[in-house]
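Hello,

Here is the structure I promised to pass on. Have a look at it first, and my notes on what turned up follow below.

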Amino acid sequence: MPGRPSARRRTILRGAALTPVAGLGLAACGPEGGDASAPATPTAPVDLGAESEVPKGGAKLYRDHNVVVSRDASGALKAFSTVCTHAGCPINKLQDTTLICPCHGSRFDATTGKVVQSPATEPLAELPVRAKGGKIVAGPGA
Ligand code: FES
């Protein structure tokens, strides 16, 4: 009889020991706490390169600047920050005109900035953008 409860207790302890490991995996996933390496969008106009790189009805992700630029059927450009509004990860994947966050899988429409899949709930921040001399310039003051 005395052996039984202790065997059960050991099983429970083993299960508990696994929990912190799973917790650590989640914590390491997003840049929280505002450290210096947190991704940032341009605070001044940046030259993103040739205007021809963004086709009508398409979009291009500029990972180095955390900006996506899209062009509608009429040729008008739009730009959005690609710092995820969920927990601040830099979005690193663009599939057609859908942006996919690597951290928790949020998806955004690169032509409107709107969330198309949670956990994010807020749209991406829109940035001023214009074409100047065949080049795309985006960011505050562009
Ligand atoms: S930071 Fe969580 S989905 Fe992007």
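**Around T41**

Leaving out residues up to four places away in sequence, T41 touches H65, N66, S81, T82 and V83. Please keep in mind as you read that this is a predicted model. T41 itself is found in the loop between helix 1 (3-27) and strand 1 (46-50). Its relative accessible area is 23%, so T41 counts as partly exposed, a class that starts where buried (under 20%) ends. There is also a long-range neighbour to look at: T41 and G139 are 98 residues apart along the chain, yet their C-alpha atoms are separated by 7.9 Å.

**N66, one of the partners of T41**

N66 sits in another loop, the one between strand 2 (59-62) and strand 3 (67-71). Is N66 buried or exposed? With a relative accessible area of 9%, N66 is buried. Its contacts, leaving aside neighbours within four places in sequence, are P39, A40, T41, F80, S81, T82, V83 and P90. S81, T82 and V83 are thus residues to click on twice, since they appear in the contacts of N66 and in those of T41.

**C84, C101 and the cores**

Next, go to C84, which is placed in the loop between strand 4 (77-81) and strand 5 (93-95). C84 counts as buried, at 4% relative accessibility. Beyond four places in sequence, C84 touches C89, I91, C101, S106 and F108. Its C-alpha atom is 9.3 Å from that of A125, and the two residues are 41 apart in sequence.

Which residues does C101 contact, leaving aside its neighbours within four places in sequence? They are C84, C89, I91 and S106. C101 also belongs to the largest nonpolar core, which has 14 residues. Along with V68, I91, L99, F108 and L124, C101 is among the members that touch the most others there. A second, separate core holds twelve residues, including V46, V67, V69 and A138. As background, nonpolar side chains in soluble globular proteins tend to be buried together.

**Rings**

Two last items concern aromatic rings. How many aromatic pairs does the structure hold? The count is zero. There is, however, a charge placed over a ring: K60 lies over the face of Y62, at 5.4 Å from the ring centre.

If you open the model in a viewer, T41, N66 and C84 are the loop residues from these notes to pick out.

Best wishes

Technical notes: Residues numbered from 1 in each chain as written. Predicted model: local features only at pLDDT ≥ 70, side-chain atom pairs only at ≥ 80, totals over all residues. Heavy atoms only, no water. Phe/Tyr/Trp six-rings, centres within 6.5 Å; stacked < 30°, edge-to-face > 60°. Lys NZ or Arg CZ within 6 Å of the ring centre and 35° of its normal. Core = buried A, V, L, I, M, F, W, Y, C linked by side-chain atoms within 4.5 Å. Buried < 20%, exposed > 50% of the residue type's maximum accessible area, 1.4 Å probe, protein only. Contact = heavy atoms within 4.5 Å. Helix = DSSP H or I, 4+ residues; strand = E, 2+ residues; numbered from the N terminus.
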